[in-house]
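Trainee: Could you take me through the reasoning behind the words used for this model? I would like to see each label set against its cut-off.

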Amino acid sequence: MTLSTYLLETKIELRCQEGFNSFKYVILQMIKLHLHLLKKASLLYIKRNISQTKSIMALTKFEYVKSFEIENKLEPLHWVVLSVYCVEHKEFLKQNNVKNGSEIIFRQIMSSVCSEVMEEEKEIALGYAYSNIVHFILKRDTYLFKRREYKLLSNIISRYSSAFIRNWRNFAETPLCKIPTFNGEINLLPQDQCLRDFVTIEQRKCHFINLEETTLRNLVNIAKLSSTEALEKVKNTNEGQKNELLFSLCNINYNNEPVEAKKGAIFLRNSNDCANFIKNEFWESYFPLTQKTEKNFKYDYLSSFKRKNHILPHTFLVVRIDGKGFSKFSATHKFEKPNDRRSLNLMNHAAITVMKKFPIIKLSYGQSDEY
C-alpha cells in the first residue's frame, strides 16, 4: 500500500484565546508547553497518552491554556445529522478531466465511500447520499466524542475525504489531479418527526436537482442545443414542463431513469436501498422509530435546527490538527518513531500547502503527530 492510497485521517480542535494584548505571547506559551512535554517524555518511549499528557500539563504553569478549548457539546437525546458536501464538485470534476458520465462516476464513488465510513463508524445509524452531498444520521443517544460538535465534524469529514481519494481510482478513468475540498454542517433534530421530515425534503431536493441536470444534459447531447440555449429552454419551467422537454425533444421518459439518480442512495446497517422516505413503508419496515410519525408537507421549520456557531471576534484562533490512528499509519509506512524524516517532511509539506491556501494563517507549529 502506497502513501497515495493510505491517507492519514485527522481530527481538528478549535481553541479560542482572548484577553491577551500580544499574539506572540500566546503562541510562545503554547510552543513552550509542547517543548516542555517533549522534554519530560524524552527518556521514555514516546507514545501518545491523553491521561499522561494531562498529568504532565497539570504540573506546569501553562495548564491554563487548555481552559480556552472550545467544546461545543451537542444537546443530548437529539438526532445528529452530519452533512458532508464536496465544494464546487462540478468544477472539481472538470479540473480532473472527467467528462462522460461524470455525475454517475461521482455517485459511484460517494456510495462506496459512504459504505466504508459507516463500516468504520458504528454510531452512524443511517446514511443518505445524492448529488454532491451525503447525510450521516448518528444514533439519537450517541455519545461519540462526548457529542463535541467540532470533533464529530472533523473526524467524519476526515474519514470521508480520505476514503474518497482512495476510492477515486476504482471508478474514474483519469488520475486525480485536483484534490477535492469537503465541508460539513450539523443539524440537531429533537424528534423522530423532524428526522423523517428532514430526509424527506432532502429526497425531494434530489429529485428536482436530478431532473434539471438530466434535462440540461440531454438537451445538449441529444437535442444538440448549445449550453446557453438549453439553459434558456429550462429557465422558469416546472416539473411537468421539464418532463415534456425531455420527452418531446430527446425522446426520454424520465420515469425510466435510474432510481438511485432520482431518489438518491440510502445506506442502512443491513442493506443499501433506494426507498422512498415519504411513504410509511420505509419507517415501518426498514427504519422503525420510537415516536409515531406521519407524512408532512410543511418543512420550513427545519431550517431552525441548523447549527450556527460563530467564533467570538477579536480573538486569536488556534486550529489544532492531531493525527488519528497515527501508530497504525506509521507502522503501515514503516516510519521510525519518534522523528522519521519522511513523516516530518509530510507534515511540513501539508502545513505549507494549507498556509498557501489560506493566507489568513499567520503562523504554524508542529511536533510529534500534531500541528
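Mentor: Here we go through the overall make-up, then some helix pairs, then some single residues.
This is a predicted model, in which local features need pLDDT of at least 70, side-chain atom pairs count only at pLDDT 80 or more, and totals for chains, interfaces and linings use all residues. Residues are numbered from 1 along each chain as its sequence is written, and side-chain values use heavy atoms, with hydrogens and water left out.

Trainee: Thanks! How many helices and strands does the chain have?

Mentor: The chain has twelve helices and eight strands. Helices (H or I, at least four residues) and strands (E, at least two) are DSSP runs, numbered from the N terminus. Of the 371 residues, 44% count as buried; buried means under 20% relative accessible area, exposed over 50%, and partly exposed in between, with a 1.4 Å probe and protein chains only.

Trainee: What share of the chain's contacts with a separation of 6 or more comes from residues 24 or more positions apart?

Mentor: Those residues account for 74% of such contacts, where contact means heavy atoms within 4.5 Å.

Trainee: Let's turn to helix pairs. What makes helix 4 oblique to helix 5?

Mentor: The axes of helix 4 (residues 102-120) and helix 5 (residues 149-171) come within 9 Å and cross at roughly 130°. That angle makes helix 4 oblique to helix 5. Angles under 35 degrees count as roughly parallel, over 145 as roughly antiparallel, 65 to 115 as roughly perpendicular and the rest as oblique. Axes are lines fitted to C-alpha atoms, for helices over the stretch in contact, and angles run from 0 to 180 degrees between N-to-C directions.

Trainee: Which residues of helix 4 and helix 5 meet?

Mentor: Among them are Ile105, Phe106, Ile109 and Val113 in helix 4, and Tyr160, Ala163, Phe164 and Trp168 in helix 5. The residues of this contact divide into twelve nonpolar, three polar and four charged. Ala, Val, Leu, Ile, Met, Phe, Trp, Tyr, Cys and Pro count as nonpolar, Asp, Glu, Lys and Arg as charged, and the others, Gly among them, as polar. The buried residues of helix 4 include Ile105, Phe106, Ile109 and Val113.

Trainee: How do you know that the end-to-end distance of helix 4 agrees with its number of residues?

Mentor: At 1.5 Å a residue, its 19 residues should span 27 Å, and its end C-alpha atoms are 27 Å apart, so the two agree. The expected span is 1.5 Å times one less than the number of residues.

Trainee: And why is helix 6 called roughly parallel to helix 8?

Mentor: Their axes come within 10 Å and cross at roughly 30°. That makes helix 6 roughly parallel to helix 8. Residues that meet there include Phe208, Leu211 and Asn218 in helix 6, and Leu245, Leu246 and Cys250 in helix 8. By class, this contact has seven nonpolar, five polar and three charged residues.

Trainee: How is helix 6 placed against helix 7?

Mentor: The axes of helix 6 and helix 7 (residues 227-234) come within 9 Å and cross at roughly 135°. Helix 6 and helix 7 are therefore oblique to each other. Helix 6 is also mostly covered, with 22 of its 30 residues buried.

Trainee: Now single residues. Why does Asn218 count as buried?

Mentor: Asn218, in helix 6 (residues 192-221), has 11% relative accessibility, so Asn218 counts as buried. Leaving out residues up to four places away in sequence, Asn218 touches Ala223, Leu246, Cys250 and Ile252.

Trainee: Is Glu149 buried or exposed?

Mentor: Glu149 lies in helix 5, and its relative accessible area is 5%, so Glu149 is buried. Beyond residues up to four places away in sequence, its contacts include Glu71, Asn72 and Arg307.

Trainee: What makes Lys146 partly exposed and Asn251 exposed?

Mentor: Lys146 has a relative accessible area of 48%, so Lys146 is partly exposed. Asn251 has 62%, so Asn251 is exposed. Lys146 is in the loop between strand 4 (133-138) and helix 5, and Asn251 is in the loop between helix 8 (239-250) and helix 9 (259-263).

Trainee: What is said about their phi angles?

Mentor: Most residues other than glycine have a negative phi. Lys146, not a glycine, has a positive phi of about 60°, and Asn251, also not a glycine, has a positive phi of about 55°.
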